[in-house]
Protein chains: 2
Amino acid sequence: MRKIRKFSAPEPSMRRLPTYLHVLTRLLRENRLYVSCTFIANELYLDPTQVRKDLALTGIVGKPRVGYSVQELIDKIKAFLGWDVQRDAILVGVGNLGTALLGYQRFRLYGLNIVTAFDKDPRRIDKTIFGVDVLSVEKLPNLILRKKIDIGIITVGEEAAQEVADLMVQGFIKGIWNFAPKTLIVPDDVIVENVQLSVSLGVLTSKMKLFETEKDTV
Amino acid sequence: MRKIRKFSAPEPSMRRLPTYLHVLTRLLRENRLYVSCTFIANELYLDPTQVRKDLALTGIVGKPRVGYSVQELIDKIKAFLGWDVQRDAILVGVGNLGTALLGYQRFRLYGLNIVTAFDKDPRRIDKTIFGVDVLSVEKLPNLILRKKIDIGIITVGEEAAQEVADLMVQGFIKGIWNFAPKTLIVPDDVIVENVQLSVSLGVLTSKMKLFETEKDTV
DNA sequence: CTCCAATAGAGAATTAATTCACGAATAATA
DNA sequence: TATTATTCGTGAATTAATTCTCTATTGGAG
């Protein structure tokens, strides 16, 4: 029996996998061949069983008393995350954040290849930022159809976000990485992942607040 | 009985609150006085009861048949998130991401006041970026003690992150917003919130992959 | 060769989070 | 004024996620 309509992996696990990958690449640099769940768990302050179950999602098989092959684990995690294939992407909105993303070389390691950027501000158009051409957003519909673009990155303000998303959907994009603080309306077969820095800041400051009031009242 | 050692709010709820705030500020602009959970839930594709339980965390009391006061709800959520007080912050690492954060005006709305930035690259030092002075990281220990800094933002590479965190801890910082892909070791009374863009990208690409393979096999 | 310690793996138990179900309150309407 | 529809609030039920427990395997030490 296959599951329909629901992606078959716990999201908390998915969110931990890139962190494991990070520890693993360090271990690879240090020429370690094998690693145990216990080791990874200690590094990241997690429960070893939790790490083991997360890793099992990737299909890796470990050896008792030895652990997992570091290299194989890296490959399996990358494959699970979909980082074993290159995906072409476009970025719309070359403001501060958009520019920072264009300059973030590491994304290449994750298979993300930003081929073109777009903006509506004439001062930004027809420039090259970190080796990526910035075009007028008017040229988006044409380009997105011509090249086979998988991923759209939205770094415009909240007021323009839906409009940009619509253009992307019309261009048969498969996934949208949305940095605008706006819930996008898209068809079911387009996957949206929202990033909002305010969410993370809120977790930090609310924990700080709870912690402060706790200290006061204990 | 008070809870000890564990922060008394479900993290998933905390992560949703800023999103509610976003809807609410839009409603305030549109001069709406009241809003129901059902309305918010529909906007964000969530379950109304979930929204209600989340909002209850802030201590808000609603009127049956009417809902909640938009203004009061905004105030309560901000208070819960700790966004009702200004907190002074420093930022270390004025690269692409650090620069983008300095330029992100919206943080002021969340009570985050970045007073000074630091870098070790002489080409960046003694400049002003988006109105924030960039100093040599050597001046950090002094400044952090002199001014009362609550929050440290780490936007350096993974190799320098722990070192920077140590300096912050010595300066009696209360919270660290860590953008480096590195698990920081800090005392119990310092709160760390990690942001890793790769995590979010991983969720997007792995969902895309699962979705693609699902379509193939159904 | 035998024993020991470390670890994977899998299922059970527990805990956390979400969703359901229902009673009470309230404003609008007839 | 009585009725109705809407919504809050809360406790129960369900589902998801984490943690615990136990067994089997394996490499290394004696």
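Hi everyone, let me start with a pair of helices in chain A. Helix 1 of chain A, residues 11-29, and helix 2 of chain A, residues 37-44, have axes that come within 11 Å and cross at roughly 110°. Helix 1 and helix 2 of chain A are therefore roughly perpendicular to each other. Who makes the contact? On the helix 1 side of chain A we have T19(A), Y20(A), V23(A), L24(A), R26(A) and L27(A), and on the helix 2 side F39(A), I40(A), E43(A) and L44(A). By type, the residues of this contact divide into seven nonpolar, one polar and two charged. For anyone who likes the general picture, two packed helices are described by the angle between their axes and the distance between those axes.

I should say early on that this is a predicted model, so please keep that in mind for the numbers that follow.

Next, how the two chains relate. In general, two copies of a chain are related by a rotation about an axis and a shift along it. Here, chain A superposes on chain B with a rotation of 180° and 0.0 Å of shift along the axis, at an RMSD of 0.0 Å. That is the relation of a two-fold axis. The same surface serves both copies, since 100% of the contact residues of chain A recur in chain B. And which residue of chain A comes closest to the rotation axis? That is A100(A), with its C-alpha at 3.2 Å.

Now to the DNA, and strand C in particular. There are 22 residues around DNA strand C, and those that come nearest are R52(A), K53(A), G62(A), T49(B) and K53(B). The residues of that surface divide into eight nonpolar, five polar and nine charged. Three helices each supply at least two residues of it: helix 3 (48-56) of chain A, plus helix 1 (11-29) and helix 3 (48-56) of chain B. The largest share, three residues, comes from helix 3 of chain B.

Which parts of the strand face the protein? Of the strand C atoms within 4 Å of the protein, 64% belong to sugar or phosphate, and the rest to bases.

Let me finish with some individual polar contacts. On the backbone side, a polar backbone atom of C37(A) is 3.1 Å from a phosphate oxygen of DNA strand C. Turning to the bases, K53(B) places a polar side-chain atom 2.9 Å from a base oxygen of strand C. R65(B) has a side-chain N or O atom 3.1 Å from a base nitrogen of strand C. Thanks, and I'm happy to talk it over!

Note on methods:
Residues are numbered from 1 along each chain as its sequence is written. Chains are lettered from A and ligands numbered from 1 in the order in which they are written. This is a predicted model: local features need pLDDT of at least 70, side-chain atom pairs count only at pLDDT 80 or more; totals for chains, interfaces and linings use all residues. Side-chain values use heavy atoms; hydrogens and water are left out. A residue is near a molecule or strand if one of its heavy atoms lies within 4 Å of it. A polar contact is a pair of N or O atoms within 3.5 Å; within protein, one must be able to donate a hydrogen and the other to accept it, and residues adjacent in sequence count only if both atoms are side-chain atoms. Helices (H or I, at least four residues) and strands (E, at least two) are DSSP runs, numbered from the N terminus. Ala, Val, Leu, Ile, Met, Phe, Trp, Tyr, Cys and Pro count as nonpolar, Asp, Glu, Lys and Arg as charged, and the others, Gly among them, as polar. Axes are lines fitted to C-alpha atoms, for helices over the stretch in contact, and angles run from 0 to 180 degrees between N-to-C directions. Angles under 35 degrees count as roughly parallel, over 145 as roughly antiparallel, 65 to 115 as roughly perpendicular and the rest as oblique. Contact means heavy atoms within 4.5 Å. Copies are superposed by least squares on the C-alpha atoms of residues with pLDDT of at least 70 in both.
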